[in-house]
Amino acid sequence: MEFVVCIKQVPSSDKIDINPETGSLVRESTGAKTNPYDLSAIEACLQVREKVGGKIHAISMGPKQAKTALREALALSVDEVFLISDSCFAGSDVLTTSYTLAQAIKTIAKPDIIFCGKQSTDGDTCQVSPELAEFLGIPHALYVVEINDINDEYIVVTCDMGSYRETVKMNFPCLISVEKDSFIPRFSSLRNKIEAQKKPINTIELKDLEDKDKNNYGYCGSPTKVSKIYVPEIKRETTILDGETDEVVDKLFLKLDEWEVL
Ligand SMILES: Cc1cc2nc3c(=O)[nH]c(=O)nc-3n(C[C@H](O)[C@H](O)[C@H](O)COP(=O)(O)OP(=O)(O)OC[C@H]3O[C@@H](n4cnc5c(N)ncnc54)[C@H](O)[C@@H]3O)c2cc1C
């Protein structure tokens, strides 16, 4: 069987600069790490490969720095990795990111299952996975917390929908996005980490895709326009209440009454 895992590199800190003109994150202003949900997606995929066998391709769309995330995937024994990178992909919104990933997957493989994380820890929309499945015209199950059954025809998964859980059976090809805590990522050995440094990272550019019209990618192809982006100002006023405990409790109740929170 053939699998694709989508992994995104995200900022390792929430202290990140924002370009005031474009509203985009200045990713170079902080360190980077692999999106934690995507490490769980890799883990889910490895568990499936252990059961049914097959080849895993990991893909990441991003700048050259995203190679580090792909090397991490190689160290976890993913078979082959692809960096999807081209200057005309810059500024992609969710729709265009999903479209580009779909185009790249068509170029790379004919996967039976595509694995995604439930969400990224920066953009955090949870929209890439379903949009990617829609672009590829395949069924999808989101918020997967358990893989109940798999064989060479179909997969059965349980999805946590918040107030209820549903069990879904899907024929291949299909896409699943996984919850972080349900597939705890394994550690890679030092030997695998060293080996991963020597393995090739394939690059996918616009010229490799079926749709070569650059107007469909990046800023040009993105219908979302960020009109304003800013860090909200947090206003806090501190009041220290002095006195014995009973006295302080009385003062506290008076304050709460005054603020109309009682
Ligand atoms: C107008 C606009 C401009 C933007 N410009 C930029 C920009 O210049 N630079 C920039 O970095 N971001 C930019 N973004 C943000 C970018 O659109 C999102 O980071 C991207 O669409 C992924 O969305 P998300 O993080 O919400 O993913 P989610 O939907 O939360 O992610 C779900 C899963 O999808 C997969 N996935 C998501 N993104 C990728 C990826 N890149 N590669 C592989 N798998 C992935 C992962 O498995 C992930 O766990 C822009 C957004 C908008 C609206």
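**Note on the packing of helix 3 against helix 4**

1. In this predicted model, the axes of helix 3 (residues 94-108) and helix 4 (residues 128-136) approach to within 8 Å, with a crossing angle of roughly 50°. Angles under 35 degrees would count as roughly parallel, and those from 65 to 115 as roughly perpendicular; helix 3 and helix 4 are therefore oblique to each other. The crossing of helix 3 past helix 4 is right-handed.

2. The residues that form this contact can be listed from both sides. Helix 3 contributes V94, L95, T97, S98, Y99, L101, A102, I105 and K106, while helix 4 contributes V128, E131, L132, F135 and L136. By class, the residues of the contact comprise 10 nonpolar, 2 polar and 2 charged. The polar residues are T97 and S98 in helix 3; the charged ones are K106 in helix 3 and E131 in helix 4.

3. As to the wider setting, the protein chain holds 7 helices and 11 strands. Its C-alpha trace extends over about 70 × 45 × 40 Å along the principal axes.

4. Contacts in the protein chain may also be considered by sequence separation. Among those with a separation of 6 or more, 67% join residues 24 or more positions apart.

5. On burial and surface, 40% of the 262 residues of the protein chain count as buried. The protein chain exposes about 15000 Å², and carbon and sulfur atoms supply 50% of that area.

Technical notes: Residues are numbered from 1 along each chain as its sequence is written. This is a predicted model: local features need pLDDT of at least 70, side-chain atom pairs count only at pLDDT 80 or more; totals for chains, interfaces and linings use all residues. Side-chain values use heavy atoms; hydrogens and water are left out. Axes are lines fitted to C-alpha atoms, for helices over the stretch in contact, and angles run from 0 to 180 degrees between N-to-C directions. Helices (H or I, at least four residues) and strands (E, at least two) are DSSP runs, numbered from the N terminus. Angles under 35 degrees count as roughly parallel, over 145 as roughly antiparallel, 65 to 115 as roughly perpendicular and the rest as oblique. A crossing is left-handed if the near helix is turned anticlockwise from the far one by less than a right angle, and right-handed if clockwise. Contact means heavy atoms within 4.5 Å. Buried means under 20% relative accessible area, exposed over 50%, partly exposed in between (1.4 Å probe, protein chains only). Accessible areas come from the Shrake-Rupley method with a 1.4 Å probe; for residues, only the protein chains shown count as cover.
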